[in-house]
Amino acid sequence: MAKPQPVVIEPWFSPRIWGTRDLRPFYPPLPDGADPVGEAWLTAPYCRVAGAGETLEAWWRRESAAWNEPADSRAEFPFLIKLLFPKDFLSIQVHPDDSYAALHGLGRGKTEMWHMLAVEPGAKLALNLVPGAEIQHLAAACRAGGGAAAQLLAWHEPAPGDTYFVPAGTVHALGPGLVILEVQQPSDNTFRLDDYGRVDASGRPRELHLEAGLEVAHARTAAGLLPRSTSGPLIQCPYFQVSRLEAKTEDAIPLPAAFCTIVPVAGQWRLKNGPRLPLAHAAIPPAQGGQELVGQGVAIQVGPGVPDAARSRTGSSPVAP
Ligand SMILES: [Zn+2]
């Protein structure tokens, strides 16, 4: 029998002012003088399929039918996986939901999930406003600018292995000293509310989107820490499902017969009888199903959203705790 050949996607690196040149242990460090990288996009449409010279978008248009993926997802890979490397604070921001995005010609909304791969002591992230703070207080702080809005946010100190759900409409921020695997809807709709008064190399501030951002922001949503799982499902929502796979020895882990993407994040992984999967790259097992993943370390498995999961962890409806 032919060896099972996964499709491996080459990451695309996005420079950001809050990024770093030291991407170890996930990727080789960048040379001095290179723009710091903030994000590695593992499943962007323009990512290349390793060894094929073809984009993921072109590959997915052709191959999604083999997985019986619904026609409406065929044009676009169903989720975006990224690694984030913040070495400075990201802007305080919010993403629209599907209905706002559709109404304003912006495509899709952006619900996301963060899994902590590395956490330096004291590193922190923010989700939602502190109790008692409302959107009008946020609006006043954002208009004052210079990072004033940070005082209204509920900050958390995550631990490695923690996972946070961040539905559209959640006011959020990430601090330095984290390495995060993010899974999100395939959308780049970000409304920046406060950028701490920073300017770029040419002395210009990054654009803020106060009007739209304050329109979609909720004071409090269902955002928060998800139950921990060393090896098993982390979340199912209408936009993606994510599991963490952990093996101490060369365990064989059966993969679902449905379409999924595997991202090794620690240790060594391969398909049974197949080639080794590169660290921090998205790999897609072959479409015949019945594959087994063999390795030791940690890998993240991501699949398309589950429409029926809408009621368990809602994608975008705000829930006041
Ligand atoms: Zn975000």
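A strand here is a DSSP run of E residues, at least two long, and strands are numbered from the N terminus. With that in hand, I opened this predicted model and began my notes.

**Entry 1: Val 7**

I looked up Val 7 and found it in strand β1. Is Val 7 buried or exposed? A residue counts as buried if 20 or more other C-beta atoms lie within 10 Å of its own. Val 7 has 20 such atoms within 10 Å, so it is buried.

Next I asked what Val 7 touches beyond its neighbours within four places in sequence, and I found Val 49, Trp 59, Ala 283 and Ile 284. I also checked a distance: Val 7 and Ala 52 are 45 residues apart in sequence, yet their C-alpha atoms are 9.4 Å apart in space.

**Entry 2: the whole chain**

I stepped back to look at the chain as a whole. I noted five helices and 21 strands. The C-alpha atoms fill a box of roughly 65 × 45 × 35 Å along the principal axes. For 321 residues, a compact globule would have a radius of gyration near 20 Å, and the chain agrees because its own value is 20 Å.

I wrote down that 41% of the 321 residues count as buried. Among contacts with a separation of 6 or more, 77% join residues 24 or more positions apart.

**Entry 3: two domains and their contact**

The domain assignment gives domain 1 (7-226) and domain 2 (232-310). Their centres, taken over C-alpha atoms, are 22 Å apart. How many residues does each domain bring to the contact? I found 28 from domain 1 and 23 from domain 2.

On the domain 1 side, several strands each supply at least two residues, including β1 (7-9), β6 (80-84) and β13 (178-184). I sorted that side by class and got 20 nonpolar, six polar and two charged residues.

**Entry 4: the largest nonpolar core**

I then turned to the largest nonpolar core, which has 76 residues. Which of its members touch the most other members? They are Ile 81, Met 113, Val 263 and Ala 299. Both domains give residues to this core, so it lies between them. A general point for my margin: in soluble globular proteins, nonpolar side chains tend to be buried together.

I followed up on Met 113. Leaving out residues up to four places away in sequence, Met 113 touches, among others, Phe 165, Val 183, Ile 235 and Phe 240.

**Entry 5: strand β6**

I picked β6 next, and five of its five residues are buried. In a regular strand the side chains alternate between the two faces of the sheet. In β6, Leu 80, Lys 82 and Leu 84 are on one side, Ile 81 and Leu 83 are on the other, and both faces are covered.

Which strands pair with β6? I found β3 (residues 37-41), antiparallel over three bridges, and β13, antiparallel over five bridges. Looking at single residues, I saw Ala 40 opposite Leu 83 and Ile 81 opposite Val 183.

**Entry 6: Gly 213**

My last stop was Gly 213, in helix α5 (residues 210-216). Gly 213 is buried, with 23 other C-beta atoms within 10 Å. Its contacts, not counting residues up to four places away in sequence, are Val 94, Phe 191, Arg 192 and Leu 193. Finally, I checked Gly 213 against Gly 224: they are 11 residues apart along the chain, and 20 Å separates their C-alpha atoms.

Terms used:
Residues are numbered from 1 along each chain as its sequence is written. This is a predicted model: local features need pLDDT of at least 70, side-chain atom pairs count only at pLDDT 80 or more; totals for chains, interfaces and linings use all residues. Domain bounds come from an automatic or database domain assignment. Two residues are in contact if their C-beta atoms, placed from the backbone, lie within 7 Å. Helices (H or I, at least four residues) and strands (E, at least two) are DSSP runs, numbered from the N terminus. Ala, Val, Leu, Ile, Met, Phe, Trp, Tyr, Cys and Pro count as nonpolar, Asp, Glu, Lys and Arg as charged, and the others, Gly among them, as polar. A nonpolar core is a set of buried Ala, Val, Leu, Ile, Met, Phe, Trp, Tyr and Cys residues joined through C-beta atoms within 7 Å. A residue is buried if 20 or more other C-beta atoms lie within 10 Å of its own, exposed if 12 or fewer, and partly exposed in between; C-beta atoms are placed from the backbone. The radius of gyration is taken over C-alpha atoms; the globule rule is 2.2 Å times the number of residues to the power 0.38. Two strands pair if DSSP finds at least two bridges between them.
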